[in-house]
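Here's a quick walk through a two-chain model, starting from one residue and working outwards. Have a look at the structure first, then read on.

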Amino acid sequence: MTLWHIAWRYLWSRPLVTLLTLAGVALGAALISTVLTLRSETERVFLEEGTLVDMVVGAKGSPLQLVLSSVYHLDTPTGNIPWSDFERLQSDHRVRRAIPIGLGDNYEGFRIVGTTNDFFAMERRDPETENLEPVFEMKRGQWDFSDPFHAVLGSEVARQTGLGIGATFVGSHGVVAIPGSEEHSDTPYTVVGVLAPSATSNDRAIFTTIEAVWEVHRQEEELHDRLYGGKEAQEETATEEETDDSGGWVFAPEPIKESEEEVTAVLLQLTSPGLRLWMSEEIRNETNSMAAIPINEMLRLYQIALRPMEKALLGVAYLVVVVAGLSVLTTLYQAGERRRRDVAVMRSLGATPLEVFLIVQLEAFLISVLGTAGGWLLGHATVFAAAGVLRESAGLTVSAWRIMPGELTALGIVAGIGLVAGVIPAVLAYRRSPVEDLSGT
Amino acid sequence: MSSTIPPAVEIRNCRRVLGHSADRPVEFHLDEFRVEVGERVALTGPSGCGKSTLLNIVSGLVRPDNGVVRVHGTDITALSPLALDRFRGRETGFVFQSFNLLEPFTAHENVLLGMRFAGFGSGHERRDRAKELLDRVGLSHRLQARPGRLSVGERQRVSIARALGPRPSVLLADEPTGALDPQTADSVFDLLVELCMTEKTTLLFVTHDHDLANRLPRRFDCRSLLAKGGAE
């Protein structure tokens, strides 16, 4: 019979108290695991996706908003830029691939993205092999944009809407679903393909041709003109906005020729990532458009907004761990008080003070390690449960069971706190005189 | 009586201040006490007269302030704390009035624990010895029972088996029949004496029961231990 065996038996001789103490430690560890895993995984997924595109060019405004709206399908677009800007970028020798994006409508909350076949030709570099691999694979159907109103669904859209090949649907105005918003019932889309999951935000988007987006909004403008007057009235309003001297950003782009079409943004893959800063400066200084580098914007977002939140959450988690540590101390102290006689009997049987100390310390170790392991499981199970919500709401595909950087250290600290909490009762047991506790027995 | 074999217990000029009463020190005082190997001695006297202290001194749980305490020829006052703990486990066995079995463990495990802390034998030897002893105290059918499931008589039998596990040279029984009804007390007493005889273990038996004390070959009156020492 080893000291481990003895400690284990004592631990389970008071199952309710042990389970409650374990639950306290597990809760602290679970909080830490959840925060670290969610943070690391969302950061990884966001940043990985941010590297797919070297640069986004769009209307002037917030660079982060431009990136979130055109790469992650999350925010509202900053505005539109002329098609000629796209053509100029496409012909630039430094650009490997230029992909136009047109936004404006949604179907059941999923954005309808007007683009070209080039979108589906995007590649990403495998971090291990360094080889370029296609981002998108077709699960069913094909990339058939021969008809402007053909549509290809992201995997999550197909799963949630139940639309299949050949199904038709109509878009609603706006990039988010608003009850009662106008439906474009004259211009239905036909599903010709469903994408395999790509673990990117694009799983939550519907892709069609850029021409379809233009056509839908041409009809919408015509209707608008019939109801509220012609373009002249709008141009007057636009001019007023431009001359507004309130000191804020002027969002209105330069006047667009009536014949000229627009795009919401242009996604660029460059011949070399080293060109990002140079080209973005050039676009900012020499055109009315704005260039944003997705990876930089996301890193900035994490630095400014998410890191402090993560630190606050980790602070709370460590506080829970300290409370759990105190509960380990209380539990073992009370257990020690209740079994003073047992300790005295062990001493009379020949146990050394060190053996008595180790038995109590092993109990603390078992509580700490089992609680921490249980907390790790609980934390990752929570992430696993949250993964579905993240996939559906933000298109993030997080891996629930990956061990995060720093997670083992953090969990080691949790186990360490439990062990330290066991030292006081162990020392008390070590120093106790058996004679007093045996008297009258 | 002279012998080449050292006595099981030999105490000389032993003093130990146990505390204070009305600002005067209460001192344990024993000039000479000698028990030969295999002897069975009843320690008698009223409560608080020092009987249990004598057992604690023999086991080394209480160290005298001065004097010599030898167990099987070893001066235990000269041992280091660690060596004394091991010596206690190996050479002395305790049987208590209230059994003091460890509740989380089965009868078999309680006996094993005694041997484990004494550093007796290998794991295999301990398991065999524990089973053999529990068989000899008539509890071979209760090996897996927890103390709470045993009758008081059975608990004391387990306690005796635990004390004898490491084959101690001296068994220290502190009123082992005090919590038992007369019939059970009789059978436990007989068992204890019989086992000590077969195991060739010296027995120091603290009791208030004069009938039981008279059934042992020798009695030691402890009434004067806390005043000026004792004599047979």
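Is Leu19(A) buried, partly exposed or exposed? Keep in mind that this is a predicted model. With a relative accessible area of 48%, Leu19(A) is partly exposed, because exposed would take over 50% and buried would take under 20%. Leu19(A) sits in helix H2 of chain A, which covers residues 15-50. Leu19(A) also has company at the surface: together with Trp8(A), Trp12(A) and Leu370(A), Leu19(A) makes a nonpolar patch of about 360 Å².

Stay on helix H2 of chain A for a moment, since Ser33(A) has its place there too. Ser33(A) is buried, because its relative accessible area is 0%, and the cut-off for buried is under 20%. What does Ser33(A) touch, leaving out residues up to four places away in sequence? The list is Gly375(A), Trp376(A), Gly379(A), His380(A), Glu407(A) and Leu411(A).

Now for chain A as a whole. Chain A has 13 helices and 15 strands. Of its 441 residues, 49% count as buried, and the accessible surface of chain A comes to about 20,600 Å², with 59% of that belonging to carbon and sulfur atoms. Take the contacts in chain A between residues at least 6 apart in sequence, and 78% of them join residues at least 24 apart.

The domain assignment splits chain A into domain 1, made of 3-46 + 309-438, and domain 2, made of 55-292. Eight residues from domain 1 of chain A and ten residues from domain 2 of chain A take part in the contact.

Then there's the contact between the chains. Here 27 residues of chain B are in contact with 25 residues of chain A. The size of an interface is often given as the accessible area lost when the parts come together, and the table lists that area for both contacts.

| Contact | Buried area | Share on carbon and sulfur atoms |
|---|---|---|
| Domain 1 of chain A and domain 2 of chain A | about 780 Å² | 49% |
| Chain B and chain A | about 2,300 Å² | 62% |

How many salt bridges are there in each case? Between domain 1 of chain A and domain 2 of chain A the count is zero, while between chain B and chain A the count is four. One salt bridge to look up joins the side chains of Asp85(B) and Arg347(A), at 3.1 Å from N to O.

Last stop: a loop in chain B. Phe99(B) is found in the loop between strand S6 (92-96) and helix H3 (107-118) of chain B, and Asn100(B) has its place in the loop between S6 and H3 as well. What about their backbone angles? Phi of Phe99(B) is near 70°, a positive value in a residue other than glycine. Asn100(B) also has a positive phi, near 55°, and is likewise a residue other than glycine.

Why does Phe99(B) count as buried? Phe99(B) counts as buried because its relative accessibility is 7%, and the limit for buried is under 20%. Asn100(B) is buried too, with a relative accessible area of 1%. So this loop of chain B holds two buried residues, Phe99(B) and Asn100(B), each with a positive phi.

Key:
Residues are numbered from 1 along each chain as its sequence is written. Chains are lettered from A and ligands numbered from 1 in the order in which they are written. This is a predicted model: local features need pLDDT of at least 70, side-chain atom pairs count only at pLDDT 80 or more; totals for chains, interfaces and linings use all residues. Side-chain values use heavy atoms; hydrogens and water are left out. Patches are made of residues with over 30% relative accessible area and no salt bridge: like charges are joined within 9 Å, nonpolar side chains (Val, Leu, Ile, Met, Phe, Trp, Tyr) within 5 Å. Accessible areas come from the Shrake-Rupley method with a 1.4 Å probe; for residues, only the protein chains shown count as cover. Helices (H or I, at least four residues) and strands (E, at least two) are DSSP runs, numbered from the N terminus. Buried means under 20% relative accessible area, exposed over 50%, partly exposed in between (1.4 Å probe, protein chains only). Domain bounds come from an automatic or database domain assignment. Contact means heavy atoms within 4.5 Å. Buried area is the accessible area (1.4 Å probe) that two parts lose on being put together, summed over both.
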